[in-house]
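Hi everyone, thanks for making time this morning. I'd like to walk you through a model I've been looking at, so please have the picture open while I talk.

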Amino acid sequence: MLPVAILAGGLATRLRPLTETIPKAMVEVNGEPFAFHQLRLLRRHGIDQVVFCVGYRGEQVVDAVGDGTRFGLQVRYSFDGPALLGTAGALKLAAPLLGNDFFVLYGDAFLDCDYAAVERAYRQAAKPALMAVFRNDGQWDTSNVEFAEGRIIAYSKAHRTARMRHIDYGLGALASSVLDTVPADRPTDLATIYEQLAASGDLSAFEVSQRFYEVGSFAGLMQFEDYLKKAEPR
């Protein structure tokens, strides 16, 4: 399976004061850091290599997760450095650890979907990027994808339309070549790259049916805690 880049370098300002001394990945959910839940999920879906893209208090992630052996994973780290690079910039910095193709997901996302199916769709589409999308209808967050007949017609976080019924699920598959145009001297968001790829017809899609959970906000954190309490042990 493709390696996974986890974007976990943000400042987590929406979770202050909880994240004044810890990064978002270390926020406790049901008695343990969120990153532990995320890593166990990835291993359950057949992933064996993970690269954490870290920045704000990233050393705490290193100390807690280590080399990933306890999760049955190989975990490595890429640090932003003194200045945050944005999500695309962080990926560009981590590219030497990721190889030619890789999954990317956000460090606050719990995505219990079929990763092998997403990878197959990426390979079959033969495009430089794939975005997993979910029929959201504005329920869990603001929809930002116009998706029809298996294709992404439009994607934008800034310019949303009534035709956007789906949302960026938070999981993608990328060829490292899409990062070639990412500047090294200023922060760049992955959403900007996705928007450019969608406009040029180079962004394929895979629709998932399992809802996403996120811990980037207090409301999302409460929903995920509730989900874990109700979920049957596996």
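Let me start with a quick one: in which loop does Asn 30 lie? Asn 30 sits in the loop between β2 and β3, where β3 covers residues 32–33. Before I go on, please keep in mind that this is a predicted model.

So what is going on with the backbone at Asn 30? Its phi is near 55 degrees, which is a positive value in a residue other than glycine. For background, most residues other than glycine have a negative phi, and most peptide bonds are trans. As for the surface, Asn 30 is partly exposed, because its relative accessible area is 41%, and partly exposed means between 20% and 50%.

Ala 126 is another place to look. Phi of Ala 126 is also a positive value, near 55 degrees, again in a residue other than glycine. You'll find Ala 126 in the loop between α4, residues 115–125, and β8, residues 129–135. Ala 126 has a relative accessibility of 68%, so it counts as exposed. Step back to Ala 125 and you are in helix α4. Ala 125 is partly exposed, with a relative accessible area of 29%. If you want a sense of distance, the C-alpha atoms of Ala 125 and Gln 223 are separated by 34 Å, and these two residues are 98 apart along the chain.

Next, a peptide bond. The one from Arg 16 to Pro 17 is cis, with omega near 5 degrees. Pro 17 belongs to the loop between β1, residues 4–8, and β2, residues 28–29.

Now let's look at a hairpin. Strands β9, residues 145–148, and β10, residues 151–155, run antiparallel and are joined by four bridges. One of the pairings puts Glu 146 opposite its bridge partner Ala 154 in β10. The hairpin has two residues between its strands, and Glu 149 in the turn has a positive phi of about 55 degrees.

On to the inside of the protein. In soluble globular proteins, nonpolar side chains tend to be buried together. In this model the largest nonpolar core has 82 residues, and those with the most contacts inside it are Val 50, Phe 52, Leu 91, Ile 152 and Leu 171. What does Phe 52 touch beyond its neighbours within four places in sequence? Its contacts include Ile 6, Ala 8, Leu 39, Val 61, Val 65, Tyr 77 and Ser 78.

Let's follow that last contact. Ser 78 is in strand β5, which covers residues 74–79. Is Ser 78 buried or exposed? Ser 78 is buried, because its relative accessible area is 8% and buried means under 20%. Leaving out residues up to four places away in sequence, Ser 78 touches Val 51, Phe 52, Cys 53, Val 54, Ala 90, Leu 93, Ala 94 and Leu 97.

There is a cysteine in that list, so how many disulfides are there? The count comes to zero. For Cys 53, the nearest cysteine sulfur is that of Cys 113, 19 Å away, and Cys 113 is in no disulfide either. Cys 53 is buried, with a relative accessible area of 2%, and Cys 113 is buried at 1%.

I'll finish with two helices. In α2, residues 58–65, the buried residues are Gly 58, Val 61 and Val 65. Looking down the axis of α2, these fall within an arc of 50 degrees, so they line one face of the helix. What covers them includes α1, β4 (residues 49–54) and β5. Right after α2 comes Gly 66, with a positive phi near 65 degrees.

The other helix is α6, residues 218–230. Its 13 residues should span 18 Å at 1.5 Å a residue, and its end C-alpha atoms are 19 Å apart, which agrees. Gly 220, Leu 221, Phe 224 and Leu 228 are buried in α6. Viewed down the axis, the buried residues of α6 fall within an arc of 100 degrees, so they line one face. As a reminder, an α-helix has 3.6 residues a turn, so residues three or four places apart point the same way. The cover over the buried residues of α6 includes β2, α1 (residues 34–44), β7 (109–110) and β13 (213–214). On the face turned away from the buried side, α6 carries the exposed residues Met 222, Lys 229 and Lys 230.

That's my tour, and thanks for listening!

Conventions. Residues numbered from 1 in each chain as written. Predicted model: local features only at pLDDT ≥ 70, side-chain atom pairs only at ≥ 80, totals over all residues. Heavy atoms only, no water. Buried < 20%, exposed > 50% of the residue type's maximum accessible area, 1.4 Å probe, protein only. Contact = heavy atoms within 4.5 Å. Pairing = 2+ DSSP bridges. Core = buried A, V, L, I, M, F, W, Y, C linked by side-chain atoms within 4.5 Å. Disulfide = S-S within 2.5 Å. Expected span 1.5 Å × (residues − 1). Arc of directions from axis to C-beta.
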